Amino acid sequence: MARLGPVDFEDRLTLVEHLDELRTRIVISIVAFSVAFALCFWQNGRLLDIANGPLPGNKTPITFGVAEPFTTTVTISAYAAIVISLPVILYQAYAFALPALTTREKRVVVPFLLGVPILFVAGVVFGYFVVLPAATKFLLNFNDNQFNIQIRARDYYSFFTLTLGVMGLIFQLPIGILAVTRLGIVTPEQLSQNRRYAYVILIIVAALLPGTDPVTMLIEAVPLLLLYEGSLILARMFGRPPESATDRDITVSEPPPSGAA
């Protein structure tokens with residue numbers, strides 16, 4: 001019988017039971033996405049109003065194809081459904097993978113896993129309220145007296161979803177830095193000493209992000225730099241590699257000097 005809750009580390013399952021559990025978690029994820037998609041498609045008018053919110057001057061995107069209004073609405077509903085069903089999907093993925101870890105390993109890994117969706121949502125919120133309004137205002141008003149500027153729905157919504165998705169990903173920077181420091185790949189001191197090189201890399205990353213204009217690049221570079229500095233503080237506090245049990249055992253069981261009574 002398939003399990004809905006996480007499997008304990010001490011449990012020993014057969015290959016068939018593992019596959020059955022995997023199938024169950026995939027089915028639950030698909031059902032969660034389907035329910036979220038149905039809800040988003042039902043409320044697609046409000047969803048499109050939210051997507052059009054960053055456009056300056058209450059502009060409305062236009063379509064050129066016969067099927068474009070429908071396909072665009074389906075696409076936006078699917079993206080929103082992914083975000084809504086993300087907690088369920090992540091839980092199913094975590095519940096399937098975490099039983100492979102010991103209790104000690106879970107204490108290290110679980111805080112990182114919980115931070116992923118929180119930082120992703122923070123990045124999406126920042127992108128929606130800060131990056132997109134500034135980017136659309138600059139781009140749509142650039143040389144506006146020389147062009148008859150119209151906004152095609154397919155292009156705008158692709159830009160909209162890509163920008164929010166990328167902002168959600170780059171907000172994972174603290175997770176990445178804490179991971180490499182906890183694993184002992186680099187130390188917080190090394191990251192701090194090489195700060196200038198990290199700044200150059202982060203600015204290049206900001207230049208490659210959606211927007212292509214200097215205003216958007218600056219707005220995207222600032223949180224990257226702040227996240228890096230904040231990650232260094234967290235790395236100094238929590239990013240030290242844990243002392244291995246083997247090292248502790250060696251220290252405790254070290255034999256006394258040969259001259260001891």
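**Close-up 1. Phenylalanine 33 and its ring partner in helix H1.** In this predicted model, phenylalanine 33 is partly exposed, at 28% relative accessibility. Its neighbour in this view, phenylalanine 37, also counts as partly exposed, at 23%. Their rings form a stacked aromatic pair, with centres 6.2 Å apart and 25 degrees between the planes. Why are the two separated by about one helical turn? Because phenylalanine 33 and phenylalanine 37 sit 4 residues apart in helix H1 (residues 15–42).

**Close-up 2. From phenylalanine 37 on to phenylalanine 41.** Here phenylalanine 37 pairs with phenylalanine 41, again in a stacked arrangement: 6.1 Å centre to centre, with planes at 25 degrees. Both residues belong to helix H1, where 4 residues, about one turn, lie between their positions. Phenylalanine 41 has a relative accessible area of 30% and is partly exposed.

**Close-up 3. A cluster of aromatic rings.** Take a look at Tyr128, Phe129, Tyr156, Tyr157 and Phe160, which ring pairs link into a cluster. For the model as a whole, the count of aromatic pairs comes to 9.

**Close-up 4. Helices H2 and H10, two ends of the confidence range.** Among the elements of the chain, helix H2 (residues 44–52) has the highest mean pLDDT, 92, and helix H10 (residues 245–252) the lowest, 44. Across residues 244–253 the pLDDT stays below 50, and this stretch makes 2 contacts in the model beyond near neighbours in sequence. A friendly caution: where pLDDT is low, the predicted coordinates should not be read in detail. For the chain, the mean pLDDT is 80, and 81% of residues reach 70 or more.

Notes
Residues are numbered from 1 along each chain as its sequence is written. This is a predicted model: local features need pLDDT of at least 70, side-chain atom pairs count only at pLDDT 80 or more; totals for chains, interfaces and linings use all residues. Side-chain values use heavy atoms; hydrogens and water are left out. pLDDT is the predictor's confidence in each residue, from 0 to 100. Contact means heavy atoms within 4.5 Å. Rings of Phe, Tyr and Trp (its six-membered ring) pair if their centres lie within 6.5 Å; planes under 30 degrees apart count as stacked, over 60 as edge-to-face and the rest as tilted. Buried means under 20% relative accessible area, exposed over 50%, partly exposed in between (1.4 Å probe, protein chains only).
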